[in-house]
Amino acid sequence: MPELPEVEVTRRGIAPYVEGRMLTGVVVRDRRLRWPVASDLARRLKGCTVRRVLRRGKYLLLDCGRGWLIIHLGMSGSLRLTEADADIKPHEHVDLLFDKLALRLRDPRRFGALLWTSADVATHRLIAGLGIEPLSPEFCGAWLHCATRGRRTRIKLMLMNARIVVGVGNIYANESLFRAGIAPRTPAVRLSRTRCDRLSEAIRDTLNAAIAAGGSSLRDFMHSDGSSGWFQQQYYVYDRAGLPCRVCGTFIRLLRMGQRSTFWCPSCQK
Ligand SMILES: [Zn+2]
């Protein structure tokens, strides 16, 4: 599933090709995404110039001047840039055309979304309730310490709650907690300011490392096949149950928390 790092790498990959360019057309081959693609989308978008490509959580936001195009990659979506007349492969449902260039959405499971709003995008129902951006300067130990006060929920579940902080999916929650030396079951309220400092840094470092890994494997966004699985990273704990911890050699444990697999080292994480 595309997580925040994949979405951010996509944003950085496509922005130089589409910012400042006029949308000359939209081709929708299959409208049946998570919500049906609006039948008037092409009419609304044609002639717009894409001013900026932003990201909020796992949403890509294309500022089109008279409105915003909100793109979500769902479970299996990806975007790639291609020549507009390049052969259509299976599951390539939508093209945004910029003259001879196409920004092509592929989404085999069709949980992605392509929505238009002419209102302030920050007030859109999918965007308005989102929590803090973990890569923003506001996200720091002081913020996290304040946010954890009064929360008895386990820290891992709190990190994965997108209404509190966006983009920390299961993989990154597991990895960040390992880097910070914090056991995933710790009640959020019990974290000291020092541990909050360490955790906020660990989250930022983990996400930035993934973005760097994705960016380096995708140097040429124009010619990538847009497939998922770009982010072949080495994890400390994720998916390593029963294997020795890379730091101390203790076997990595697995537990279920909120229906998600939680991996941790009982000796490195307290
Ligand atoms: Zn360990």
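Colleague: How many bridges join β5 to strand β7?

Modeller: In this predicted model, β5 and strand β7 (residues 101-106) run antiparallel. Across this pairing, Arg80 stands opposite Arg104 in β7. The number of bridges that join β5 to β7 is six.

Colleague: Which strands form the edges of the sheet that holds β5 and β7?

Modeller: The sheet is open and has four strands in the order β1-β6-β7-β5, paired antiparallel. On average, neighbouring strands are turned by 20 degrees against each other, direction ignored. An edge strand pairs on one side only, and the edge strands here are β1 (25-28) and β5 (78-83).

Colleague: What angle does the direction of α1 make with that of β5?

Modeller: Helix α1 packs on the sheet. Its contacts there are with β5, β6 (92-98) and β7. The direction of α1 makes an angle with that of β5 of about 30 degrees.

Colleague: Which residue of the segment before α1 is linked to Lys58, and how many residues apart are the two?

Modeller: Lys58 belongs to the loop between β2 (52-56) and β3 (59-63). Its side chain meets that of its partner in a salt bridge, at 3.6 Å from N to O. Both residues are buried, with relative accessible areas of 18% for Lys58 and 11% for Glu3. The partner is Glu3, and the separation is 55 residues.

Colleague: Is Glu133 buried or partly exposed, given its salt bridge with Arg56?

Modeller: The closest N and O atoms of Glu133 and Arg56 are 2.9 Å apart. Glu133 lies in the loop between β8 (113-117) and α3 (141-148), 77 residues from Arg56 in strand β2. Arg56 counts as partly exposed at 21% relative accessibility. Glu133 has a relative accessible area of 13%, under the 20% limit, and is therefore buried.

Colleague: Which residues are joined with Glu133 and Arg56 into one network?

Modeller: The structure holds 17 salt bridges. Some of them share partners and so connect residues into a network. Besides Glu133 and Arg56, the network takes in Glu8, Arg11, Arg12 and Arg55.

Colleague: How many residues of helix α5 are buried?

Modeller: Helix α5 spans residues 170-180 and is mostly covered. Among its buried residues are Ile171, Tyr172, Leu177 and Phe178. The helix is followed by Gly181, whose phi is positive, near 70 degrees. Of the 11 residues of α5, the number buried is 10.

Colleague: What is the geometry of the site of the zinc ion?

Modeller: The protein donors are the SG atoms of Cys245, Cys248, Cys265 and Cys268, at 2.3 to 2.4 Å from the zinc ion. The angles among these four donor atoms run from 100 to 112 degrees. Four donors count as tetrahedral if all angles lie between 85 and 135 degrees. The geometry of the site is therefore tetrahedral.

Colleague: How many residues apart in sequence are the parts that Cys245 and Cys268 tie together?

Modeller: The donor residues of the zinc ion follow the spacing C-x2-C-x16-C-x2-C. Cys245 lies in the loop between α6 (193-217) and β9 (253-257), whereas Cys268 lies in the segment after β10 (260-264). Cys245 counts as buried at 5% relative accessibility, while Cys268 counts as partly exposed at 22%. The parts tied together by this pair are apart in sequence by 23 residues.

Note on methods. Residues numbered from 1 in each chain as written. Predicted model: local features only at pLDDT ≥ 70, side-chain atom pairs only at ≥ 80, totals over all residues. Heavy atoms only, no water. Salt bridge = Lys/Arg side-chain N within 4 Å of Asp/Glu carboxyl O. Buried < 20%, exposed > 50% of the residue type's maximum accessible area, 1.4 Å probe, protein only. Pairing = 2+ DSSP bridges. Axes fitted to C-alpha atoms, helices over the stretch in contact; angles between N-to-C directions. Contact = heavy atoms within 4.5 Å. Donors = N, O, S within 2.8 Å, 3.2 Å for Na, K, Ca; no water. Tetrahedral: all angles 85-135°; square planar, octahedral: opposite > 155°, others 65-115°.
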